[in-house]
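Student: I have a protein model open and do not know how to read it. Where should I begin?

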Amino acid sequence: MTLNKRLIMILVIVLFVVGIYGAARVGMTVVYRDEEAQEEDDSLFGHRETLYLWYTDEALTDYLNSVAVSYSDYQDDVRVVPVYTSGLEYLETINQASLTGEEVPDLYIVSNDSLEKAYLAGLASEVKTPEGAAAMKDIFPETAIHAVTYHDKQIAYPFYFETSCFLYNETYLEEWAKAQLEAEADAAAGEEAQQEADAAKEQKDSAEESGDAADEEKDNTDETADTAENVDATQDSAVTEEAIAAKVTEALPDTMDDILSFADVYDAPEQVEAVFKWDVSDIFYNYFFVGNYIDVGGFNGDDSDSIHIYNEDAIRCMRVYQDLNQFFSIDTKEISYDNVLQDFMDGKIVYTVATSDALSKIAAAKAEGNFDYEYGISMLPDVSETLESASLSVTQCVVVNGYSAQKDMANNFAIYLTEYDTDSLFGRAGKLPVYSNGTTYTDPNVEAFREEYENSVPMPKMIETSNFWVELEIAFAKIWDGDDANADLKALSEKIMSQVIGEEYTEEYIDVPVEKDEEEMTGEDIESDTEEESSETDDE
């Protein structure tokens, strides 16, 4: 452990002690069950060991209560009491309750980026799968294992996740696909008709020479009618549901360039204000641009020796990001995710970047008659043909409290909670479970989020880099508005590295020339062509 990390751990402990002293003066922020409720439970259930499960998301209340009842049937000598509490200073409150409260939280749900802080404060225990049960690596995706691993110890169980995906208006794409197929069929039929007309003319000319013009004219009339029928038949055979679906799939972008190419040929309906629009002010929806080339903490997000922010690929990715501002002018000060999603539901946007809450919000809007389209979810496109994307993910975990006197019992319930009946978690609480048990959801959009999660980058856990996300978000905003991507990434890396090593750090400058395709996106070639055209006009 580095000196810097030791100092941070001491500071965490000191802050917790101060928090405890403050709690003694002003009272705890959590409302516990009263004595009458406790006695009533005892009379109903008889003597049972009690586990307290803390959580901060109220959307989980009904689901957790249901699982608690189910577990009591499964393990009749254990009672689980879910306790909803504020997310404000969550770990500090858990620490206070662990040291001074009567109802110590035996387990709690927390995001994976808080695990180092929890572990250093003694609030997280290493979890071990009981003998005979499936190992984590055999039932959870690798992303989830990295999310709950700290210094080669698994200190939590992955429960549910959040990440970002590509959201598109399927109705618009189907209409575009149908129009494209009809145009292609018309062009093909027109070419065929022209060929037949040319052949007919040759026959007519030949007939006139031989004196059979009258008979030939009748044959030509019949052939013209046949040609019209053939054109209609050709169009019908080309515009099938299967052909439309294939064309829609073709329209889904593999790269950012594909989005630009589609925008060039798309004849948008009147209500469409933007082909592609997303929240450029929030790092969660932007991170995929650099996620594959920025490393903060290594695979498990806990290694202070593995920080690589400033590199050639990251610079190139940020240049592509900046260039998009020319085509999709978005004000970082005015944009918000909620507004973007509402615009999408109002039919003003074709493509956007969304988190899983979009699934529930769109379903609710559909039920209320406020969403008149079909939609789809796919993986986020790559930055370019040579630069791959990787989205950011957060894994909500179930942690066994290091201060619990019933760790084994809590561990067993944690396994049950994260693996039992998780198929219903999304339907009942709007959360996407990490554990799937091979389940294939009837909604392909849910499957798309799972696929994106498995290829995502988990939020790192290191306390020393806790401000990295705020600083990266600031850098994204500055680069979007025209700052030099190279200089901003260099400054960001130097700031974070200085925090980690405890002294000033300077990056060696990386010279990354602007490539030809980047020049075209920045409009330099367009300006050059315009100047040449202007010069030619003057000469004339």
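Tutor: Begin with a cavity, and with what surrounds it. In this predicted model, the largest cavity is lined by Thr129, Ala134, Ala135, Met136, Ile139, Phe140, Tyr157, Ile415 and Glu419. Helix H6 (136-139) and helix H16 each give two or more residues to that lining.

Student: What kinds of residue make up the lining of the largest cavity?

Tutor: Seven are nonpolar, one is polar and one is charged.

Student: What is the volume of the largest cavity, and how many cavities of 30 Å³ or more does a search of the whole structure find?

Tutor: The volume is about 40 Å³. The search finds one cavity of 30 Å³ or more.

Student: Then let us take the helix that lines it. How do I check the length of a helix?

Tutor: Compare the distance between its end C-alpha atoms with the span expected at 1.5 Å a residue. H16 has 13 residues and should span 18 Å; its end C-alpha atoms are 18 Å apart, so the two agree.

Student: Which residues of H16 are buried?

Tutor: A residue is called buried when its relative accessible area is under 20%. In H16 the buried residues are Ala410, Asn411, Phe413, Ala414, Ile415, Tyr416, Leu417 and Thr418. One of them, Ile415, is also among the residues lining the largest cavity. When you look along a helix, remember the general rule: an α-helix has 3.6 residues a turn, so residues three or four places apart point the same way.

Student: What do the buried residues of H16 pack against?

Tutor: They pack against S1, H3, S2, S3, S6 and strand S12 (392-400). Just after H16, Asp421 has a positive phi of about 50 degrees.

Student: H3 is in that list. How does its reach compare with the expected span?

Tutor: H3 covers residues 61-74, which is 14 residues, and reaches 20 Å from its first C-alpha to its last, close to the expected 20 Å. Its buried residues are Tyr63, Leu64, Val67, Ala68, Ser70, Tyr71 and Ser72. Among the elements covering them are strand S1 (49-55), strand S6 (157-169), helix H16 (407-419) and helix H17 (425-429).

Student: Why does Ser72 count as buried?

Tutor: Ser72 counts as buried because its relative accessibility is 9%, and the cut-off is under 20%. Leaving aside neighbours within four places in sequence, Ser72 is in contact with Arg48, Val78, Arg79 and Val80.

Student: You gave a phi value for Asp421. Which residue in the loop between S2 and helix H4 (90-100) should I look at?

Tutor: Look at Glu89, which lies in that loop. Glu89 is not a glycine, yet its phi is positive, about 50 degrees. Its relative accessible area is 48%, so Glu89 is partly exposed. His151 is another residue other than glycine with a positive phi, near 50 degrees. His151 sits in the loop between strand S4 (149-150) and strand S5 (153-154). At 37% relative accessibility, His151 is partly exposed.

Student: And how do I read the chain as a whole?

Tutor: Start with totals. The protein chain has 22 helices and 14 strands. Of its 540 residues, 48% count as buried. Then ask how far apart in sequence the contacting residues are. Among contacts with a separation of 6 or more, 81% are between residues 24 or more positions apart. The chain exposes about 26800 Å², and carbon and sulfur atoms supply 46% of that.

Key
Residues numbered from 1 in each chain as written. Predicted model: local features only at pLDDT ≥ 70, side-chain atom pairs only at ≥ 80, totals over all residues. Heavy atoms only, no water. Helix = DSSP H or I, 4+ residues; strand = E, 2+ residues; numbered from the N terminus. Expected span 1.5 Å × (residues − 1). Buried < 20%, exposed > 50% of the residue type's maximum accessible area, 1.4 Å probe, protein only. Contact = heavy atoms within 4.5 Å. 1 Å grid on protein atoms, 1.4 Å probe; cavity = no way out; pocket = protein on both sides within 12 Å on 5 of 7 lines; lining within 4 Å. Points joined across faces, edges and corners; volume = space filled by probe spheres on them. Nonpolar A, V, L, I, M, F, W, Y, C, P; charged D, E, K, R; others polar. Areas by Shrake-Rupley, 256 points an atom, 1.4 Å probe, with all protein chains shown as cover.
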